[in-house]
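The following exercises introduce a structure through short tasks, each with a worked solution. Please keep the sequence and the model in view while working through them.

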Amino acid sequence: MRLDNMLLAEGVSGPEKRGRGGSVAVAAASGGCPNDNSIEHSDYRAKLSQIRQIYHSELEKYEQACSEFTTHVMNLLREQSRTRPISPKEIERMVNIIHGKFSTIQMQLKQSTCEAVMILRSRFLDARYRQTPADVEA
């Protein structure tokens, strides 16, 4: 749940997952107006967008693989049901096991995406805080 909340807050997942919300996350991360340090902001937005695209691409692959594998197992169970009785409970159990395994993989994807966002944010914020007051006055 925590990972979902972070991905939602950063605009990686949720209603604005495919584009909008990136500038909101940038403004929140920078603590300022979206026009401050525009080069850094555009770099941050571009990298966040890249993370978002990779996340959604991988998520789509996992969902498709889960669906295909579930269908394959269901077909195998149907074939086996010709030689031995297979209860609906057994089928449900197998499907739940498959979904559990893919859910674990999905959680790993969310964790690695959150790590990528945290690294990106820390680099972006570190770059901002490296500027000393003398740099700003000059």
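**Exercise 1.** Determine whether Glu79 is buried, partly exposed or exposed, and identify the salt bridge in which Glu79 takes part.

*Solution.* Step 1: the model is a predicted one, and in it Glu79 has a relative accessible area of 47%. Step 2: the class of partly exposed residues lies between the limits of 20% and 50%, so Glu79 is partly exposed. Step 3: the side chain of Glu79 meets that of Arg82 in a salt bridge, with an N to O distance of 3.7 Å. Step 4: Arg82 has a relative accessibility of 67% and therefore counts as exposed.

**Exercise 2.** Describe the salt bridge between Lys47 and Asp43, and state how the two residues are placed in their helix.

*Solution.* Step 1: the closest N and O atoms of Lys47 and Asp43 are 3.4 Å apart. Step 2: both residues belong to helix H3, and because they are four residues apart there, about one helical turn separates them. Step 3: Lys47, at 38% relative accessibility, counts as partly exposed. Step 4: Asp43 is partly exposed as well, with a relative accessible area of 38%.

**Exercise 3.** Establish how many salt bridges the whole structure contains, and explain which parts the pair of Asp4 and Lys110 ties together.

*Solution.* Step 1: a search of the whole structure yields five salt bridges. Step 2: one of them joins the side chains of Asp4 and Lys110, at 2.6 Å from N to O. Step 3: Asp4 lies in helix H1, which covers residues 2-9, whereas Lys110 lies in helix H4, so this pair ties together parts 106 residues apart in sequence. Step 4: Asp4 is partly exposed, its relative accessible area being 29%. Step 5: Lys110 has a relative accessible area of 14%, which is under the limit of 20%, so Lys110 is buried.

**Exercise 4.** Give the order of elements in the protein chain and characterise the chain as a whole.

*Solution.* Step 1: the protein chain has five helices and zero strands. Step 2: read from the N terminus, its elements accordingly run α-α-α-α-α. Step 3: the chain has 138 residues, of which 26% are buried. Step 4: the exposed area of the chain is about 9,500 Å², and carbon and sulfur atoms supply 55% of that area. Step 5: among contacts between residues at least 6 apart in sequence, 73% join residues at least 24 apart.

**Exercise 5.** Locate the largest nonpolar core and find the helix that supplies its largest share.

*Solution.* Step 1: the largest nonpolar core holds 13 residues, and those with the most contacts inside it include Leu7, Val12, Tyr55 and Leu120. Step 2: helix H3 and helix H4, the latter spanning residues 88-130, each supply at least two residues of this core. Step 3: the largest share, six residues, comes from H4. Step 4: apart from this core lies another of six residues, among them Cys66, Val73, Leu77 and Ile86.

**Exercise 6.** Trace the surroundings of Tyr55, Thr113 and His56.

*Solution.* Step 1: leaving aside residues up to four places away in sequence, Tyr55 touches Leu7, Val12, Ser13, Leu109, Lys110 and Thr113. Step 2: Thr113 is part of helix H4 and is buried, at a relative accessible area of 6%. Step 3: with sequence neighbours up to four places away again left out, Thr113 touches Leu7, Val12, Ile51 and Tyr55. Step 4: His56 belongs to helix H3, residues 38-80, and is buried with a relative accessible area of 7%. Step 5: the side chain of His56 reaches the backbone oxygen of Val12 at 2.6 Å.

**Exercise 7.** State the number of disulfides, and decide whether Cys66 is buried or exposed.

*Solution.* Step 1: a disulfide requires two cysteine sulfur atoms within 2.5 Å, and by this rule the count is zero. Step 2: Cys66 counts as buried, at 13% relative accessibility. Step 3: Cys114 is buried too, with a relative accessible area of 3%. Step 4: the C-alpha atoms of Cys66 and Lys101 are separated by 9.0 Å, while the two residues are 35 apart along the chain. Step 5: Lys101 is found in helix H4 and counts as exposed, at 56% relative accessibility.

How values were computed:
Residues are numbered from 1 along each chain as its sequence is written. This is a predicted model: local features need pLDDT of at least 70, side-chain atom pairs count only at pLDDT 80 or more; totals for chains, interfaces and linings use all residues. Side-chain values use heavy atoms; hydrogens and water are left out. Buried means under 20% relative accessible area, exposed over 50%, partly exposed in between (1.4 Å probe, protein chains only). A polar contact is a pair of N or O atoms within 3.5 Å; within protein, one must be able to donate a hydrogen and the other to accept it, and residues adjacent in sequence count only if both atoms are side-chain atoms. A nonpolar core is a set of buried Ala, Val, Leu, Ile, Met, Phe, Trp, Tyr and Cys residues joined through side-chain atoms within 4.5 Å. Contact means heavy atoms within 4.5 Å. Accessible areas come from the Shrake-Rupley method with a 1.4 Å probe; for residues, only the protein chains shown count as cover. A salt bridge is a side-chain nitrogen of Lys or Arg within 4 Å of a carboxyl oxygen of Asp or Glu.
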